[in-house]
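Biologist: I would like to learn how to read a protein model with you. Could we go through it feature by feature?

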Amino acid sequence: MIIETIKSPADVKRLSLEEMKALAAEMRTLLVRKVSCHGGHCGPNLGMVEATIAMHYVFQSPEDKIVFDVSHQSYPHKMLTGRAEAFLDAGHYDDVSGYSEPSESGHDHFVIGHTSTSVSLAGGLAKGRDLAGAKGNVIAVIGDGSLSGGEALEGLDWAAELGTNFIIVVNDNQMSIAENHGGLYRNLEELRRSNGTCSNNLFRAMGLDYVYVDKGNDLEALIDAFRRVKDTDHPTVVHINTLKGKGYAPAEADKERWHWSAPFDAETGELLSPVTAETYDELTATHLLAQMKADRTVCAITAGTPGIWNWTPERRKEAGGQFVDVGIAEEHAVALASGIAKAGGKAVFGVCSTFLQRAYDQLSQDLCINDSPATILVLRGSLTTMTDVTHLCHFDIPLLSNIPNLVYLAPTNREEYLAMLDWSLGYKAHPVAIRVPAGPTVPATRPVQTDYSDLDRYEVVERGKDVALFALGSFFSLGERVCRLLEAQGIRATLVNPRYISGIDTRLLDSLTTDHRLAVTLEDGVLDGGFGEKIARHYGPSEVKTLCYGAKKQFVDRFLPKEFLAANRLVDTLITEDILGMLNR
């Protein structure tokens with residue numbers, strides 16, 4: 001195989017055009033093979049094979065610096081920069097991350113996993129180059145879907161002022177994760193239709209030079225375009241028209257489904273382990289769709305990720321104008337939800353925990369200062385749902401629970417979640433966020449409350465003495481297991497379902513001081529700034545000691561959940577051991 005001879009981009013430069021075409025076919029075969037066994041981003045990488053080969057044929061990486069936006073299309077780049085073994089040998093599949101990673105190679109310049117970043121990051125590299133009086137090309141690669149993000153537009157708006165070499169490759173496959181949304185995509189369509197010649201040109205309007213490549217999966221056309229812009233003395237956009245999922249029929253036919261995939265049968269495209277149990281994502285979409293049909297003021301909002309809460313194309317069509325996809329623009333989504341709520345609508349913004357970080361200012365300023373009664377559904381919030389360092393969902397509790405006016409709730413089961421969601425739609429006093437449990441739904445084993453307007457009132461599920469466990473949200477079952485282990489040691493603990501992440505039940509906490517010596521908090525997130533610290537701070541002046549369980553504040557990458565939990569002592573036996581030690585038992 002040709003790919004086995006590629007140890008660096010220098011080896012690509014020695015290939016003939018026909019050899020590069022053969023290399024592209026080999027790379028696609030390896031991409032499908034690895035993703036089918038391992039899971040990963042499929043469509044974005046398949047569509048970028050020729051463009052990546054052409055860039056490494058023309059440019060001189062790493063002296064010429066290539067920055068991939070999101071970097072979920074960087075697998076071909078990794079193959080050509082000394083990391084092909086991670087795609088050739090299943091035993092080495094985990095040697096590389098799914099995103100650009102400087103610790104792997106000098107050809108990667110940033111750890112990137114969130115979108116709309118490459119133009120600004122690469123612009124910084126170009127400015128730094130100029131300040132140092134250095135040479136070399138700087139290339140930002142960005143997909144058309146990422147252009148809807150505010151940071152991308154800010155970077156493009158500034159780029160012309162750089163006034164020196166800066167190349168922005170816009171990979172236009174007519175898709176975000178799902179379909180694109182927003183007015184700028186009409187201009188991209190017009191540019192494609194006119195072969196890049198129409199006078200209405202977003203990029204030229206921002207002061208950038210412009211080159212269009214209609215055949216964005218054609219090596220000759222790409223090499224010619226990259227040669228034309230190499231070593232130029234001004235910022236230029238190279239707009240390439242590519243096919244997402246190219247070379248794998250299922251991915252070409254259903255681009256949304258194949259943006260990312262769990263392991264699948266490469267021959268049929270069928271998932272190897274399809275989800276059969278009801279999930280909270282599925283529950284949310286079906287429940288909200290029913291609410292929409294009953295109430296035309298209910299509006300669901302997504303920021304380019306409808307699939308993470310199971311808003312399938314069919315459901316989106318059924319919801320019509322009551323489902324809004326703002327593109328990859330979390331900031332806009334939060335402010336939009338605030339505006340809808342102020343106008344009397346019932347806005348529900350569903351967003352992955354890791355992506356909500358991008359909208360902190362809007363949460364604070366546009367939503368909470370204005371006390372707009374919108375609902376934010378925080379999806380995948382957990383220590384173990386996503387393990388790539390760029391996608392950690394560990395930090396939403398300290399981020400959200402410390403914003404004034406925001407009521408942040410943590411349901412423990414299916415029925416409690418639905419009750420909280422329904423309540424939030426009618427609650428008008430404050431904005432409400434709900435930390436949606438991850439994974440299969442858990443049925444209620446006790447009656448659930450339906451009105452949460454009396455804020456910060458915790459539920460005492462079991463009343464004991466000496467030890468009180470405050471088991472938050474998805475860690476409630478962990479608290480139940482610890483209670484059973486303590487019971488086996490002759491200790492009947494109090495088990496509390498806090499429900500409210502953003503406030504403390506001072507009345508309950510004070511009442512427990514009469515017959516409790518130890519408070520134990522369990523939260524599925526980082527400890528610093530989290531829920532447990534609120535309890536510990538309250539009990540600080542009292543005789544009640546506090547043990548807080550969660551994760552250390554750190555960036556971790558591609559960890560094994562079971563080992564990670566054990567390292568943070570988030571295991572029932574270890575917690576029980578610590579409690580017994582505190583009680584001198």
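Modeller: Gladly! Let us begin with a term for surface exposure: a residue is buried under 20% relative accessible area, exposed over 50%, and partly exposed in between. Please keep in mind that this is a predicted model.

Biologist: Then let me try that scale on a charged pair. Which side chain does Asp 281 meet in a salt bridge?

Modeller: The general idea is a distance test: a side-chain nitrogen of Lys or Arg has to lie within 4 Å of a carboxyl oxygen of Asp or Glu. Here Asp 281 pairs with Arg 380, at 3.7 Å from N to O. The two sit in distant parts of the chain, 99 residues apart: Asp 281 belongs to helix H13 (residues 280–294), while Arg 380 is in the loop between strand E11 (375–379) and helix H18 (396–401). On your scale, Asp 281 is buried because its relative accessibility is 15%, and Arg 380 is partly exposed because its value is 25%.

Biologist: What about the salt bridge between Asp 396 and Arg 435: are these two residues buried or exposed?

Modeller: Both Asp 396 and Arg 435 are buried. Their side chains meet at 2.6 Å, N to O. Asp 396 is part of helix H18 and Arg 435 is part of strand E13 (residues 432–435), so this salt bridge ties together parts that are 39 residues apart in sequence.

Biologist: And which residue does Asp 572 form a salt bridge with?

Modeller: Its partner is Arg 481, with the closest N and O atoms 3.3 Å apart. Asp 572 comes from helix H24 (residues 572–582) and Arg 481 from helix H20 (residues 476–488), so parts 91 residues apart in sequence are tied together. Asp 572 counts as buried because its relative accessibility is 17%, whereas Arg 481 is partly exposed because its relative accessible area is 41%. There is also a network in which salt bridges share partners, joining Lys 78, Arg 83, Glu 104 and Asp 108.

Biologist: How many salt bridges does a search of the whole structure find?

Modeller: The search of the whole structure gives 31 salt bridges.

Biologist: Let us turn to cysteines. How many disulfides does the search find?

Modeller: A disulfide is a covalent bond between the sulfur atoms of two cysteines. The test asks for two cysteine sulfur atoms within 2.5 Å, and the search of this structure finds zero disulfides.

Biologist: Why does Cys 393 have no bond to Cys 352?

Modeller: The sulfur of Cys 352 is the closest cysteine sulfur to that of Cys 393, but at 3.9 Å it is too far for a bond. Cys 393 is buried, with a relative accessible area of 0%. For Cys 483, the closest cysteine sulfur is in Cys 548, and that distance of 16 Å is also too far for a bond. Cys 483 counts as buried too, at 2% relative accessibility.

Biologist: Can we apply burial to a whole helix? How many residues of helix H4 (residues 49–58) are buried?

Modeller: Nine of its 10 residues are buried, so to speak "mostly covered". Among the buried residues of H4 are Val 49, Glu 50, Ile 53, His 56 and Val 58.

Biologist: Now for empty space. How many cavities of 30 Å³ or more are there, and what lines the largest cavity?

Modeller: Rolling a probe the size of a water molecule over the atoms shows where empty space is left. The count here is three cavities of 30 Å³ or more. The largest cavity holds about 80 Å³ of space. Its lining has 13 residues, and those nearest its centre are Gly 381, Ala 410, Arg 435, Gly 473 and Ser 474. By class, the lining divides into eight nonpolar, three polar and two charged residues.

Biologist: Which strand gives the largest share of the lining of the second largest cavity?

Modeller: Strand E2 (residues 65–68) does, with three residues. That cavity has about 40 Å³ of space, and its lining includes Ile 66, His 77, Asp 108 and Phe 110. The classes are five nonpolar, three polar and one charged.

Biologist: Finally, what lies nearest the centre of the second largest pocket?

Modeller: Val 442, Ser 474, Phe 475, Phe 476 and Ser 477 do, out of 25 lining residues. About 430 Å³ of space lies in this pocket. H20 supplies the largest share of the lining, five residues. The lining as a whole has 12 nonpolar, nine polar and four charged residues.

Technical notes
Residues are numbered from 1 along each chain as its sequence is written. This is a predicted model: local features need pLDDT of at least 70, side-chain atom pairs count only at pLDDT 80 or more; totals for chains, interfaces and linings use all residues. Side-chain values use heavy atoms; hydrogens and water are left out. On a 1 Å grid over the protein atoms alone, a cavity is a set of points where a 1.4 Å probe fits but cannot get out, and a pocket is an open set with protein on both sides within 12 Å along at least five of seven lines; lining residues have an atom within 4 Å of a point. Grid points are joined across faces, edges and corners, and a volume is the space filled by probe spheres set on the points. Ala, Val, Leu, Ile, Met, Phe, Trp, Tyr, Cys and Pro count as nonpolar, Asp, Glu, Lys and Arg as charged, and the others, Gly among them, as polar. Helices (H or I, at least four residues) and strands (E, at least two) are DSSP runs, numbered from the N terminus. Buried means under 20% relative accessible area, exposed over 50%, partly exposed in between (1.4 Å probe, protein chains only).
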